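Please look at the sequence and the structure shown below, and keep both in view while reading this report.

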Amino acid sequence: MRDRYEAAAAEQAVATWGPVAGRALAERTYTSRLLGADPALVLHGGGNTSVKLRRTDVFGDEVDVCCVKGSGWDLATIEPKGHPAVRLDGARRLLAVPNLSDEDMVATLRSLLLDQDAPNPSIEALLHAFLPAMFVDHSHADAILVLTNHADARARVAEALGPGVICLDYVKPGFDLAVAAAALLAEHPEAHAMVLLQHGLFTWGESAEASYRAHIRLVQAAEVWIAAQPSATPPPWDDARVAAAQRRVGRVAACLRGALVRAGLRTVLDARCDAQTLALLADERLDGWVAAGPITPDHVIRTKPLACIARVPQDGE
């Protein structure tokens, strides 16, 4: 995991977006794009970020808002308008509500938007609003999920990431997750990051740089811990086996496309024949891995819940 933050690039972002959006939101946009640029942190459309600001409402009053990523925006290409402003006082009052359905939460958040033409705030907007820090970053980092998708997840997180990182059991994103996260942080005000088990990582700070770099440091720490563990994955195939597999793919692909066309599906196939992928596909544990589904429910929008294994006869069979 590489820290992509560059002071000169951040200042260029401020020069580009700052005159209209203000410095803080321009910096927020810049570091959001850094998170979105790395698929090991978020897939297309995943993750969310926010910044708390003061804005002028239709009455000319200065109000506190949480500018949080809007649904439909991709962090890799997000612009300032991709962080719609939600009235912070109204959002935080929801902490006192005993329960709230997803539909009511979405409707309430829309009613709190300063701009009614803005996109719906992220499903995790309330969690961003409930956290006190000015800047908040959230990703579904692969390395963090490697730690959390185990029965002993809390021990792994503590060992890999160190003190100050609190863990929350999996809760479906939305109102219940936001309330649970706020309660956990209230019990641990010294915390500087939060890991949502089977979900992802939250970091925060008083600057966009601080929140982003805290995020990257924790992902790097997870990667270092993982690298020190005995490997459970098969070794990559050698060049000769890869070359043979790639030649065979061309023959198999023609048959597969023909079958799909007969089923009424015109498709373009993307063959991925790198050494590591081929070794994983040939492993006897493949069926179990596929049955486990994606490493976080938040990936389902891109990877879908289950894969199809089509075992192709060997040449000559």
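What span should the 14 residues of helix α2 (residues 23-36) have at 1.5 Å a residue, and how far apart are its end C-alpha atoms? In this predicted model, the expected span is 20 Å and the end C-alpha atoms are 20 Å apart, which agrees.

**Helix α2 and its surroundings**

Helix α2 is largely enclosed by the rest of the structure, because 12 of its 14 residues are buried. Among these buried residues are A24, L25, Y30, S32 and G36. The elements that cover the buried residues of α2 include the helices α1 (7-21) and α9 (208-227), together with the strands β1 (48-56), β2 (62-68) and β4 (135-139).

One residue of this helix can serve as a closer example, namely S32, which is found in α2. Because its relative accessibility is 0%, S32 counts as buried; the cut-off for that word is a relative accessible area under 20%. Leaving aside residues up to four places away in sequence, S32 touches T49, L75, I78 and H83.

**Rings**

A pair of aromatic rings is described by the distance of the centres and the angle of the planes. The count of aromatic pairs in this model comes to one. This pair is formed by Y5 and Y30, which meet edge-to-face, with 5.6 Å from centre to centre and 70 degrees between the planes. The pair links distant parts of the chain, since Y5 belongs to the segment before α1 whereas Y30 belongs to helix α2, and the two are 25 residues apart. Both Y5 and Y30 are buried.

Another ring, that of W237, has a charged group over it: the charged end of R241 sits 3.9 Å from the centre of this ring.

**A residue in helix α8**

Helix α8 (residues 175-187) contains L184. Is L184 buried or exposed? With a relative accessible area of 13%, L184 is buried, because the limit for a buried residue is under 20%. When residues up to four places away in sequence are not counted, L184 touches I166, C167 and L168. For C167, which is 17 residues from L184 along the chain, the C-alpha atoms of the two residues are separated by 8.5 Å.

**Distances side by side**

The table gathers distances between two named partners.

| Partners | What is given | Distance |
|---|---|---|
| Y5 and Y30 | ring centre to ring centre | 5.6 Å |
| R241 and W237 | charged end to ring centre | 3.9 Å |
| L184 and C167 | C-alpha to C-alpha | 8.5 Å |

How values were computed:
Residues are numbered from 1 along each chain as its sequence is written. This is a predicted model: local features need pLDDT of at least 70, side-chain atom pairs count only at pLDDT 80 or more; totals for chains, interfaces and linings use all residues. Side-chain values use heavy atoms; hydrogens and water are left out. Helices (H or I, at least four residues) and strands (E, at least two) are DSSP runs, numbered from the N terminus. Buried means under 20% relative accessible area, exposed over 50%, partly exposed in between (1.4 Å probe, protein chains only). Contact means heavy atoms within 4.5 Å. The expected span of a helix is 1.5 Å times one less than its number of residues. Rings of Phe, Tyr and Trp (its six-membered ring) pair if their centres lie within 6.5 Å; planes under 30 degrees apart count as stacked, over 60 as edge-to-face and the rest as tilted. A charge sits over a ring if NZ of Lys or CZ of Arg is within 6 Å of the ring centre and within 35 degrees of the ring normal.
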